[in-house]
Amino acid sequence: MERVPKGVYTKEFKEEAVKLVTEGGLSIPEVGRRLSLNKSTIEYWVRQARKGDLSDNARKKTVTPEEMEVARLRKENAELKMEREILKKAAAYFARSR
């Protein structure tokens with residue numbers, strides 16, 4: 001299966017998560033559970049905020065049309081492979097039931 005892309009969070013979202021820890025009195029694992037994030041992500045954001053370096057997404061990259069097309073084709077290819085496997089299993093099942 002393909003790798004799940006990393007989450008992209010806005011600066012405002014990160015700031016709110018940090019506020020829950022620093023001002024809200026919640027623990028880092030609790031904030032992680034509430035926001036469905038890994039606790040190490042929250043820890044990193046808190047460290048960055050304390051340094052004053054909590055930025056939006058530092059690694060923003062422009063995606064070319066070719067890269068978009070490749071991503072679309074990869075997704076389509078994965079779906080087709082999955083459908084083919086399902087059809088193979090269904091054919092085997094119905095061949096056995098005769």
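**Exercise 1. State how many helices and strands the chain has, and give their order.**

Solution. Start with the definition: helices (H or I, at least four residues) and strands (E, at least two) are DSSP runs, numbered from the N terminus. The chain has 4 helices and 0 strands. Along the sequence the pattern reads α-α-α-α. The model is predicted: local features need pLDDT of at least 70, side-chain atom pairs count only at pLDDT 80 or more, and totals for chains, interfaces and linings use all residues. Residues are numbered from 1 along each chain as its sequence is written, and side-chain values use heavy atoms, with hydrogens and water left out.

**Exercise 2. Describe burial, surface and contact range for the chain.**

Solution. Take burial. Buried means under 20% relative accessible area, exposed over 50%, partly exposed in between (1.4 Å probe, protein chains only). Of the 98 residues, 12% are buried. Next, the surface. The accessible area is about 8500 Å² (Shrake-Rupley method, 1.4 Å probe). Carbon and sulfur atoms hold 55% of that area. Last, the contacts (heavy atoms within 4.5 Å). Among those between residues at least 6 apart in sequence, 57% join residues at least 24 apart.

**Exercise 3. List the largest nonpolar core and say which helices each supply at least two of its residues.**

Solution. Such a core is a set of buried Ala, Val, Leu, Ile, Met, Phe, Trp, Tyr and Cys residues joined through side-chain atoms within 4.5 Å. The largest has 9 residues: A17, V18, V21, V31, L37, I42, W45, V46 and L54. Helix 1 (11–22) and helix 3 (39–51) each give at least two of them. Now look around L54. Leaving out residues up to four places away in sequence, L54 touches K11, K14, E15, V18, W45, Q48 and A49.

**Exercise 4. Trace the aromatic cluster and classify its ring pairs.**

Solution. A pair of aromatic rings is described by the distance of the centres and the angle of the planes. Rings of Phe, Tyr and Trp (its six-membered ring) pair if their centres lie within 6.5 Å; planes under 30 degrees apart are stacked, over 60 edge-to-face, the rest tilted. The count is 4 aromatic pairs. Y9 and F13 are stacked, at 5.3 Å centre to centre and 15° between the planes. F13 and W45 are edge-to-face, at 6.1 Å and 90°. This second pair links distant parts of the chain: F13 is in helix 1, W45 in helix 3, 32 residues apart. Together, Y9, F13 and W45 form one cluster. Check accessibility. Y9 is partly exposed at 25%, F13 is partly exposed at 28%, and W45 is buried at 4%.

**Exercise 5. Characterise the packing of helix 2 against helix 3.**

Solution. Axes are lines fitted to C-alpha atoms, for helices over the stretch in contact, and angles run from 0 to 180 degrees between N-to-C directions. Helix 2 (residues 28–35) and helix 3 have axes that come within 8 Å and cross at roughly 115°. I28, P29, V31 and G32 in helix 2 meet K39, I42 and E43 in helix 3.

**Exercise 6. Compare the settings of S36 and Q48.**

Solution. S36 lies in the loop between helix 2 and helix 3. Its phi is near 55°, a positive value in a residue other than glycine. Most residues other than glycine have a negative phi. S36 is exposed at 66% relative accessible area. Q48 is in helix 3 and is buried, at 10%. Not counting residues up to four places away in sequence, Q48 touches D53 and L54.

Methods. Left-handed = near helix turned anticlockwise from the far one by under 90°.
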